[in-house]
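Reader: I should like a close look at the side-chain links in this model, with attention to the distances and to the places in the chain that each link joins. Please set out the reasoning wherever a cut-off decides the matter.

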Amino acid sequence: MDSPKLLREVDSVDTQLDVHMEAEHSTLSNGFTRTVIASAVNDHGNCNQTKQSTLPNGLRKGTRKQQDYIKISVPEPKNRLPLEWWKTGIAFVYALFNLVLTTVMITVVHERVPSKDASPPLPDKFFDYIDRVEWAFSVSEINGMVLVGLWFCQWLFLRYKSIVGRRFFFIMGTLYLYRCITIYITTLPVPGLHMKCAPKLYGDSQAKLQRILRLISGGGLSITGSHIMCGDLLYSGHTVMLTLTYLFIKEYSPCRFWWYHICCWLLSAVGVLCILVAHEHYSVDVVIAYFITTRLFWWYHTMANIQTLKSSPHNYLSRSWWNPVFRFFEKNVQTQVPCAYSWPITWPPSCLKTSCKSYSMVQSARRQ
Amino acid sequence: MKKVAYWSPKEVSSWLVEEGMQEYLESFQNLNGQALLQLTEDDFKKNPLSKITSDSGRHLLDKIETLKIEHHIEVHKNGHANGHLSIGINEGSNKNKRNGIPNGFRKEVVQIPMPQPERSPFPLEWGKTLVAFIYALSCFLLTTIMISVVHERVPPKEETPPLPDKFFDFFDRVEWAFSICEVIGMILVILWFVQWIFLKYKSIIGRRFFFIVGTLYLYRCITMYITTLPVPGIHFKCSPKLFGNWEAQMRRIMKMIAGGGLSITGSHTMCGDYLYSGHTVMLTLTYLFIKEYSPRRFWYYHWVCWLLSVVGVFCILLAHDHYTVDVVVAYFITTRLFWWYHTMANQQVLKEASQTNFSSRVWWFRAFKYFEQNVQGIVPRNYQWPFPCRPSFISRQVKYNRIDT
């Protein structure tokens with residue numbers, strides 16, 4: 001390897017370094033000690049016998065008319081934010097699997113929902129105060145779609161798409177997994193008599209499969225007519241999506257876009273409120289969904305952003321069951337993901353690259 | 001080595017080169033050892049030295065001092081350089097540093113007065129513990145009132161049958177299971193209390209317990225209130241509703257508080273407080289605290305408490321006294337809150353609110369800061385006898401002669 005050469009400043013009269021170069025290490029500046037000493041000799045007009053090896057670094061007296069530029073070859077820093085698209089792929093598969101599992105679970109649970117006459121809607125404080133508004137649920141779903149669209153566009157422009165995408169898929173997948181568990185273990189009755197539940201298919205597996213596919217293709221939304229099944233109440237998936245997209249939008253956009261944040265917050269809040277106004281979910285479903293979503297999001301991001309937690313023995317946050325998966329995803333991410341953007345498509349490259357000013361002196365030295 | 005005072009100019013020059021101060025070579029060409037020792041700061045302020053030196057000769061003067069010390073140690077050969085700096089030096093013109101004594105070269109023991117640390121890293125602050133206790137108490141009271149309110153709204157068993165629950169499908173009801181659960185709960189609470197008494201930093205840990213318990217019951221108030229689940233089993237005997245009869249309701253509340261909310265004591269005859277399960281909260285939380293604040297090596301003790309806790313929770317479900325989702329949500333919320341609080345308390349970096357610290361976005365962050373601000377670091381698991389007078393068989397003190405006298 002080339003001996004690293006030192007780039008010297010023009011005026012270094014004030015600095016006096018106390019570093020002494022031992023004879024063994026003098027190979028580094030041997031080429032220069034002679035010239036410096038020679039020039040010092042010339043300045044003072046004296047002849048000196050000096051040991052070449054003991055010239056401290058950077059110690060120069062007098063001004064130099066001739067500048068020597070020396071190239072320092074810096075080793076490439078290890079990439080602190082590796083892209084690792086394959087991990088994002090795994091997270092995507094995980095999220096997809098959980099979505100499908102949720103759909104299957106909804107179909108299963110639908111069979112067990114008590115009928116409206118047998119089990120009337122449970123008493124709910126919100127329903128006592130606010131009567132049902134019919135079109136509110138469509139508003140909520142439209143808000144959800146807008147937020148998802150905004151988040152997707154924003155995601156396209158992020159520089160570290162893979163890392164952020166990975167986080168989104170993982171958190172969403174886990175939330176839907178939790179949701180599978182809660183809808184399965186206890187089945188709540190329908191929140192209102194207005195709900196039209198599809199008839200039960202006792203044991204007809206093919207029809208059930210068709211329902212599952214219909215639900216998946218419609219994205220689980222009532223607007224698309226895919227959500228005709230009942231029973232998936234605790235907790236609310238709509239609230240999860242509204243809250244989660246808002247959290248991600250806010251987290252990965254620049255701070256100065258406060259108007260954008262407020263808009264998205266409004267969309268999210270109105271969407272959640274409309275779910276309740278439409279009497280489509282109980283209040284407890286929405287509250288628990290909000291709680292679980294925010295906690296999981298903050299938990300994950302605290303662990304990911306604060307590097308000391310990753311190795312600390314007193315990190316109780318690592319006692320969650322998904323900690324090994326977290327470590328797999330975030331192992332090589334060594335710093336907080338910066339708020340950096342780039343064009344989603346890199347073609348044509350020459351048009352979009354910003355040209356730096358050329359620094360003639362350094363570049364000419366480089367060319368040597 | 002010759003004494004510095006007797007150095008020739010050549011030796012001075014070679015010393016300068018050795019010390020890396022070649023810049024003085026030209027000026028000190030004819031300087032001998034004695035003159036070297038006589039150099040002062042003023043010499044460096046005049047020409048020509050002022051042009052050569054970049055730090056008013058500080059470095060060179062320091063080196064000369066070192067030289068003096070080395071030589072005096074050498075001369076005396078007894079490890080002392082007792083300030084006898086007069087050999088070969090003109091004391092008049094020199095600024096002698098009288099502190100030429102190297103550290104530690106003394107025979108007698110020196111007592112170093114250590115300043116008392118102003119603040120212990122774990123201040124007791126019982127005042128804050130009292131605040132936390134009052135908070136927990138008020139949350140309990142609020143829960144009791146809420147149960148009483150919710151009881152009025154529970155749909156009757158005939159109108160709304162118990163909801164379908166997977167656990168109930170597999171396991172039939174066992175009658176005495178709930179008593180077991182409550183007995184286990186009481187055992188765990190007593191164990192935790194006894195353990196707490198022996199802790200050294202009772203106040204800090206007690207504060208944490210009260211705050212977490214209070215917050216969990218507060219959350220419980222909210223979830224119970226907003227949606228009322230029907231009774232999980234036909235076996236439930238719910239006391240009759242008292243529509244608007246405040247006095248009777250007040251008496252009911254008192255009875256419940258007095259009985260600690262347990263069915264064993266006959267105080268819990270009200271229905272409707274299902275989402276989420278308070279019994280699970282207590283079982284889980286006492287186990288978490290017991291495990292956290294007891295020595296690692298008591299693994300058998302941890303295992304026993306864990307078993308008790310698990311059996312207790314299982315018995316709640318076996319008795320069909322709560323839905324499965326109540327228990328699962330209670331477990332989730334309790335563990336998350338406990339771990340979250342303790343991670344924040346144990347990491348200094350998480351105690352400040354910042355952009356990266358998402359843990360500070362919880363609504364109780366201010367209260368947390370109030371409680372844990374002065375606690376620096378992780379509370380050690382230290383124990384001490386709770387009472388001031390120590391029985392003789394407990395005290396085993398080793399006397400260290402030299403230090404104690």
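Author: A salt bridge is taken here as a side-chain nitrogen of Lys or Arg lying within 4 Å of a carboxyl oxygen of Asp or Glu. The coordinates belong to a predicted model, and the distances below are computed from it. In Asp232(A) and Arg179(A), the side chains meet in such a bridge, with 2.9 Å from N to O. Asp232(A) sits in the loop between H6 and H7 of chain A, whereas Arg179(A) belongs to helix H5 of chain A, so this pair ties together parts that are 53 residues apart in sequence. Both Asp232(A) and Arg179(A) are buried. Over all chains, the rule yields a count of 14 salt bridges.

The loop between H6 and H7 of chain A holds a cysteine that deserves attention as well: Cys230(A) is placed there. Cys230(A) forms a disulfide with Cys197(A), the two sulfur atoms being 1.8 Å apart. Cys197(A) is found in the loop between helix H5 (161-185) and helix H6 (205-217) of chain A, and Cys230(A) in the loop between H6 and helix H7 (237-251), so the bond ties together parts that are 33 residues apart in sequence. A disulfide is a covalent bond between the sulfur atoms of two cysteines. The torsion about the S-S bond of Cys197(A) and Cys230(A) is about -105°, and the disulfide is therefore left-handed. The partners differ in exposure: Cys197(A) is partly exposed at a relative accessible area of 31%, while Cys230(A), at 2%, counts as buried.

A search of the whole structure finds 2 disulfides over all chains. In chain B, Cys238(B) and Cys271(B) form one, with their sulfur atoms 1.8 Å apart. Its torsion is about -105°, so the disulfide of Cys238(B) and Cys271(B) is left-handed. Cys238(B) occupies the loop between helix H8 (202-226) and helix H9 (246-259) of chain B, and Cys271(B) the loop between H9 and helix H10 (278-292), so the pair joins parts that are 33 residues apart in sequence. Cys238(B) is partly exposed, at 31% relative accessible area; Cys271(B), at 1%, is buried.

Further cysteines show how the cut-off decides. A disulfide requires two cysteine sulfur atoms within 2.5 Å. The sulfur of Cys263(A) lies 6.6 Å from the closest cysteine sulfur, which is in Cys264(A), and that is too far for a bond. Cys263(A) is partly exposed, with 46% relative accessibility. Cys139(B) is likewise in no disulfide; the nearest cysteine sulfur, in Cys221(B), is 6.7 Å away. Cys139(B) is buried, with a relative accessible area of 4%.

The salt bridges of chain B include one that reaches from helix H9 of that chain. Arg252(B) pairs with Glu152(B), the closest N and O atoms being 3.0 Å apart. Arg252(B) is in helix H9 and Glu152(B) in the loop between helix H5 (126-151) and helix H6 (166-170) of chain B, which places them 100 residues apart and links distant parts of the chain. Both Arg252(B) and Glu152(B) are buried.

Helix H6 of chain B contains a local bridge. Asp169(B) and Lys166(B) meet at 3.7 Å, N to O, and this distance is within the 4 Å limit. Being 3 residues apart in helix H6, Asp169(B) and Lys166(B) are separated by about one helical turn. Asp169(B) is partly exposed at 47% relative accessibility, whereas Lys166(B) is buried at 16%. Elsewhere, Glu125(B), Lys128(B) and Arg207(B) are linked in a network of salt bridges.

As a setting for these links, chain B comprises 14 helices and 0 strands. Of its 405 residues, 48% are buried. Among contacts in chain B between residues at least 6 apart in sequence, 77% join residues at least 24 apart. The chain exposes about 21700 Å², of which carbon and sulfur atoms supply 62%.

How values were computed:
Residues numbered from 1 in each chain as written. Chains lettered and ligands numbered in written order. Predicted model: local features only at pLDDT ≥ 70, side-chain atom pairs only at ≥ 80, totals over all residues. Heavy atoms only, no water. Helix = DSSP H or I, 4+ residues; strand = E, 2+ residues; numbered from the N terminus. Buried < 20%, exposed > 50% of the residue type's maximum accessible area, 1.4 Å probe, protein only. Contact = heavy atoms within 4.5 Å. Areas by Shrake-Rupley, 256 points an atom, 1.4 Å probe, with all protein chains shown as cover.
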